[in-house]
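Visitor: I am new to this structure. Might we look at it together and examine the terms used to describe it?

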Amino acid sequence: ALRQSHFLLNLLLLHPDTYGRLTLLNSVGQEIARCKTSVRRGQPNPVYKETFVFQVALFQLSDVTLLVSIYNRRSMKRKEMVGWIGLGQNSSGKEEQLHWEDMKESRGQQVCRWHVLLEA
């Protein structure tokens, strides 16, 4: 589950239309797989209650990175990244690394955490 908080478009003070992109990367940063969430229209604090499954061998879990990026679709540009986090080999922080370790040890059970997005 993904959740973002307090996004406002500065120009018009409208809540943006946002979506998430999940990209699985191998140990050298090459894309293995990618998924997108549905668009959340005009929500100030959108929650993405969607499940994505990536096929990764157990022995490879320590060598991959899951990049979670949130995009704004209502910008002048085609798409504009709002923020991101990384989980796995190249985690973007201590909390993200702990989340990844908990997921690896969960044996198929869902592990939910909130994360603060890094600025794009």
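**A strand within a sheet**

Guide: Let us begin with one pair: G20 has I70 as its bridge partner in β5. This is a predicted model, in which local features need pLDDT of at least 70, side-chain atom pairs count only at pLDDT 80 or more, and totals for chains, interfaces and linings use all residues. Residues are numbered from 1 along each chain as its sequence is written, and side-chain values use heavy atoms, with hydrogens and water left out.

Visitor: What makes β2 and β5 a pair of strands?

Guide: Strands are DSSP runs of E with at least two residues, numbered from the N terminus. Two of them pair if DSSP finds at least two bridges between them. Strand β2 (residues 18-25) and strand β5 (residues 65-72) are joined by 8 bridges and run antiparallel, so they meet the definition of a pair. L22, for example, has V68 as its bridge partner in β5.

Visitor: How do you know that β2 pairs with β3?

Guide: These strands are linked in the antiparallel sense by 5 bridges, and therefore satisfy the requirement for pairing. In β3, E31 is the bridge partner of L25.

Visitor: Why are β3 and β7 said to stand at the edges?

Guide: The open sheet has 5 strands in the order β3-β2-β5-β6-β7, with antiparallel pairing. β3 (31-36) and β7 (118-119) each have a single partner strand, so one side of each lacks a neighbour in the sheet.

Visitor: Why is β2 called largely enclosed?

Guide: Buried means under 20% relative accessible area (1.4 Å probe, protein chains only). Of the 8 residues of β2, 8 are buried, so the rest of the structure largely encloses this strand.

Conventions
Helices (H or I, at least four residues) and strands (E, at least two) are DSSP runs, numbered from the N terminus. Buried means under 20% relative accessible area, exposed over 50%, partly exposed in between (1.4 Å probe, protein chains only).
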